[in-house]
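Me: Please take a close look at one part of this model, the place where the two chains meet. I should like a connected account that also sets that part against the chains themselves.

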Amino acid sequence: MTNKDVAERTEKQTASSEWLTFLVFTLVILPGIAVAAIGSYGLAIWIYQMIYGPPIVG
Amino acid sequence: MITKLKNLALSFWRVMSKPATKISLGVLAFGGFLTGIVFWGGFNTAMEMTNTEQFCIGCHEMRDNVYVELQDTIHYTNRTGVRATCPDCHVPHNWSHKVARKMQASKEVFGWVFGTINTKEKFEAKRLELAQHEWARFAANNSLECRSCHNYDSMDWEKMSPAAKFYMQPASERNVGCIECHKGIAHHLPINDSGVNPILAKVEQGATSQTLEEGKQYFVVKPIAIYEDEDLTKQAGTLSYAAPVKVIEKKDDKVKLQLKGWRKDKGFGRVYHSDFGKNIRVAVMEKDPAQNPDLISVGLSQNDPATGLDWSEVTVEFWAKEGAFIPDVATLWNAAGEIYSSNCSTCHAQPDPAHFDANSWPAQFNGMVGFTSMDPSTQALVLTYLQLHSSDYAEGTH
């Protein structure tokens, strides 16, 4: 194997692992975090309302 | 397995923590932007999807009961063609509160999985409880959801029916929530076909397991027969709701009780009242026992200047069965108060019990009770509740 071959292979590897990581991150992990965050926000408000009561119109 | 996961996470982190070498910044930024849009769109679509009537009635629990009933009401078909759907009335419109309500719906999913209301019978049995949750919600937010469509400020009183104007114009000045008077606007009200009010049934249930102790005071949770003898053969009379009794003696599940009350000297003296000069019933005696000095000791007579009648204090001892007494009368009053407010607030805000005195309540109450679906024995309880919380007894007023 020449040095050039090795360089090409690692380059290919980097490219595919970068794409895989990018896609997993934006399509799976971030949406997961977003939904979990909104969910816990909702849960927090629910708990708040259980203690302090729901919103009121003036 | 664990090391594999660890390696995966490590290599993920290695790529994540370094600047990208093969994907251009433009592609990354665009990709992030695009998925962001798609995500937000998808998220809101999901929120909206779960906020449609179609979604709600996807569960037969919702479809077969409340939805069918809604179809007969003004919010389903009307001359203006404006529909109120389930989420319009039941789901908060503000985004944060909507998300909170969606989380709350985990309770519904739970109920669905475990079939808490999956038959008509179960639904009707649980309906009062569910309705009370909704009433509490509307009461706490002053009927916020109704007001996203209706508004007092936009109501033209002159165009309303006289009854509507008569009740609602004063209510609008006090900004009273719609639900105070418009319960059952979209679905049938909870009914109780067992004959016993479900709220009362719970209190009575609690009393059956209460064991009585000698020397202590208790309150009766429902009208019961009382007897002259410990074998319970000769009926002496009937105790009324919340009559206070003291346990003198106990034999198995039978108890000898003592009751103090007041009776009018005029007539047979069969009706005992809780206080001097107050027409609040605690017991009604049979004719002969009412005159039996072995059972009853009569105190000195006093004249009530308000009516000119003479009243005497009476102490009566009798036998009864265990299982209808509670040590804390507040339990019974809470139930009575709940029944009162759910029955007497449909047309007008319920009057404060302390608005009248004990002797005025019976006439006020009896003139109105025909409008409600209270059965006679519940009526007796609510009247006693009102009298004992009337201006004669309320703190601060007198």
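Reply: Of the 398 residues of chain B, 36% count as buried. The model is a predicted one, and the values that follow are computed from it. Chain B is built from 13 helices and 10 strands. When contacts in chain B between residues at least 6 apart in sequence are taken, 63% of them join residues at least 24 apart. The surface that chain B exposes is about 22900 Å², with 58% of it supplied by carbon and sulfur atoms.

Chain A has 58 residues, of which 19% count as buried. Its secondary structure consists of one helix and zero strands. The accessible surface of chain A is about 4200 Å², and carbon and sulfur atoms account for 70% of that area.

The part in question is the contact between these two chains. Chain A contributes 29 residues to the contact and chain B contributes 31 residues. About 2500 Å² is buried between chain A and chain B, and 78% of this area comes from carbon and sulfur atoms. On the side of chain A that touches chain B, the residues divide into 19 nonpolar, eight polar and two charged. Zero salt bridges are found across the interface of chain A and chain B. Polar contact across the same interface of chain A and chain B is found for three residue pairs, both residues being at pLDDT 80 or more.

Two isoleucines of chain A show the contact at the level of single residues. A:Ile38 belongs to helix H1 of chain A. With its neighbours within four places in sequence left aside, A:Ile38 is in contact with B:Trp40, B:Phe43, B:Trp95 and B:Val99. The relative accessibility of A:Ile38 is 11%, so this residue counts as buried, the cut-off for buried being under 20% relative accessible area. A:Ile45 also lies in helix H1, which covers residues 3-52 of chain A. Residues up to four places away in sequence not being counted, A:Ile45 touches B:Ser96, B:His97 and B:Ala100. A:Ile45 counts as buried because its relative accessibility is 12%.

Salt bridges are absent from the interface of chain A and chain B under the rule used, but 14 of them are held by the structure over all chains. Several can be described within chain B. B:Glu158 and B:Lys165 form one, with their closest N and O atoms 3.4 Å apart. The partners in this pair may be considered in turn: B:Glu158 has a relative accessible area of 61% and is therefore exposed, while B:Lys165, at 29%, is partly exposed.

A further salt bridge brings together the side chains of B:Lys216 and B:Glu213, at 3.1 Å from N to O. B:Lys216 is partly exposed, with 42% relative accessibility, and B:Glu213 is likewise partly exposed, with a relative accessible area of 44%.

B:Glu249 forms a salt bridge with B:Lys251, and here the closest N and O atoms are 3.9 Å apart. B:Glu249 has a relative accessible area of 28% and is partly exposed; B:Lys251 is partly exposed as well, with a relative accessible area of 35%. Elsewhere, B:Glu69, B:Glu124 and B:Arg127 are joined into one network by salt bridges that share partners.

A polar residue of chain B completes the account. B:Asn343 is placed in helix H11 of chain B, which spans residues 330-344. A polar atom of the B:Asn343 side chain lies 3.0 Å from the backbone oxygen of B:Ile339. Residues up to four places away in sequence not being counted, B:Asn343 touches B:Thr372, B:Ser373 and B:Met374. The relative accessibility of B:Asn343 is 16%, so it counts as buried.

To return to the part you asked about: the area buried between chain A and chain B comes to 78% from carbon and sulfur atoms, and 19 nonpolar residues are present on the side of chain A that touches chain B. Among the residues of chain A with partners in chain B are A:Ile38, in contact with B:Trp40 and B:Trp95 among others, and A:Ile45, whose contacts include B:His97.

Methods:
Residues numbered from 1 in each chain as written. Chains lettered and ligands numbered in written order. Heavy atoms only, no water. Helix = DSSP H or I, 4+ residues; strand = E, 2+ residues; numbered from the N terminus. Buried < 20%, exposed > 50% of the residue type's maximum accessible area, 1.4 Å probe, protein only. Contact = heavy atoms within 4.5 Å. Areas by Shrake-Rupley, 256 points an atom, 1.4 Å probe, with all protein chains shown as cover. Buried area = accessible area lost by both parts, 1.4 Å probe. Salt bridge = Lys/Arg side-chain N within 4 Å of Asp/Glu carboxyl O. Polar contact = N/O pair within 3.5 Å; in protein donor to acceptor, adjacent residues only side chain to side chain. Nonpolar A, V, L, I, M, F, W, Y, C, P; charged D, E, K, R; others polar.
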